Amino acid sequence: MTLSSFGGQVGDTTQPLRYALNFSTGQRFALTAPTLVGRNPQLVDGEERFNTVVIDDQLRSVSKTHMLLAAGSGGPYVTDRGSTNGTVVTLADGQQILCGPGQKVRIGLASTIIFGRFWVTIELQD
């Protein structure tokens, strides 16, 4: 199996890749469904089957519903949910992308997502 730079499969589409989220808090989760991250993540009308990751942030650098992490046919991506302090993707080459509210940004496996005073990386799950 060959992987593209964003973790999508090339040549074999019968088995989708599985991803794990590794947070700077020490939390680790499988990315099995779209996942909302924040101090108290809330779904909006029409959203179902979302996972949530609660970040204990006494300094409130993370918004209640800060971002959405998900994986599609093109690999994993992040969407800022209108957070106060923003979401920044740092790519493997050091380039940084500021995620605008509602903007879907593809993330590679060697990328780091910075949100508030925290960060998360995504890796392939066994």
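This report walks through the strands, the nonpolar core and the charged pairs of a predicted model.

**Overall make-up**

Let's start with the broad outline. The protein has 126 residues, and 40% of them count as buried. Its secondary structure comes to 13 strands and zero helices, so read from one end of the sequence to the other the pattern is simply β-β-β-β-β-β-β-β-β-β-β-β-β. If you take the contacts between residues at least 6 apart in sequence, 49% of them join residues at least 24 apart.

**The five-stranded sheet**

Strands of a sheet pair through backbone hydrogen bonds, and they can do so in a parallel or an antiparallel way. Here, five strands build an open sheet, arranged in the order β6-β5-β7-β8-β11, with mixed pairing. At its edges sit β6 and β11 (104-106), each of which pairs on one side only. Averaged over the sheet and ignoring direction, neighbouring strands are turned by 25° against each other.

Follow β7 (residues 67-72) for a moment. On one side, β7 runs antiparallel to β8 (residues 75-80), and six bridges join the two. These two strands form a hairpin, with two residues between them. Ala-71 has Pro-76 as its bridge partner in β8. Strand β7 also runs antiparallel to β5, to which three bridges join it.

Leu-69 is a handy residue to click on in your viewer. It is the bridge partner of Thr-35 in the β5 to β7 pairing, and its own bridge partner in β8 is Val-78.

**The nonpolar core**

In soluble globular proteins, nonpolar side chains tend to be buried together. Which residues touch the most other members of the largest nonpolar core? They are Phe-23, Leu-69, Val-78 and Phe-115, out of 22 residues in that core. Leu-69 and Val-78 are thus familiar already, as the bridge partners named above. The elements giving two or more residues to this core are β3 (19-23), β7, β12 and β13.

Phe-115 shows what such a position looks like up close. Setting aside its neighbours within four places in sequence, Phe-115 is in contact with Phe-23, Val-37, Ile-55, Val-62, His-66, Met-67, Gly-86 and Val-120. Phe-23, one of these contacts, is also among the core residues that touch the most other members.

**Salt bridges**

Side chains of opposite charge can pair when their charged atoms come close. The structure holds three salt bridges, set out below with the distance between the closest N and O atoms.

| Positive residue | Negative residue | N to O distance |
|---|---|---|
| Arg-28 | Glu-123 | 2.7 Å |
| Arg-81 | Glu-47 | 3.0 Å |
| Arg-117 | Asp-57 | 3.1 Å |

In the pair Glu-123 and Arg-28, the glutamate lies in strand β13 (residues 118-124) and the arginine in strand β4 (residues 28-30), so the bridge ties together parts that are 95 residues apart in sequence. Glu-123 counts as partly exposed because its relative accessibility is 32%, and Arg-28, at 45%, is partly exposed as well.

The salt bridge between Arg-81 and Glu-47 connects two loops: Arg-81 lies between β8 and β9 (87-90), and Glu-47 between β5 and β6, so parts 34 residues apart in sequence are tied together. Arg-81 is partly exposed at 24% relative accessibility. Glu-47, at 18%, counts as buried, because the cut-off for buried is under 20%.

For Asp-57 and Arg-117, the link again spans distant parts of the chain: Asp-57 is in the loop between β6 and β7, Arg-117 is in the loop between β12 (112-115) and β13, and they are 60 residues apart. Asp-57 has 5% relative accessibility and counts as buried, whereas Arg-117 is partly exposed at 47%.

**Arg-39, a buried arginine without a salt bridge**

Finally, take a look at Arg-39, in the loop between β5 (35-38) and β6 (51-54). How far away is the nearest side chain of opposite charge? That side chain is Asp-57, at 5.9 Å, and Arg-39 is buried yet has no salt bridge. A salt bridge has to fall within 4 Å, so a distance of this kind does not qualify. Asp-57 has its salt bridge with Arg-117 instead.

Beyond residues up to four places away in sequence, Arg-39 touches Val-54, Ile-55, Asp-57, Arg-60, Val-62, Ser-63 and Lys-64. Ile-55 and Val-62 also appear in the contacts of Phe-115.

Methods:
Residues numbered from 1 in each chain as written. Predicted model: local features only at pLDDT ≥ 70, side-chain atom pairs only at ≥ 80, totals over all residues. Heavy atoms only, no water. Helix = DSSP H or I, 4+ residues; strand = E, 2+ residues; numbered from the N terminus. Buried < 20%, exposed > 50% of the residue type's maximum accessible area, 1.4 Å probe, protein only. Lys, Arg positive; Asp, Glu negative; His and termini not counted. Contact = heavy atoms within 4.5 Å. Pairing = 2+ DSSP bridges. Axes fitted to C-alpha atoms, helices over the stretch in contact; angles between N-to-C directions. Core = buried A, V, L, I, M, F, W, Y, C linked by side-chain atoms within 4.5 Å.
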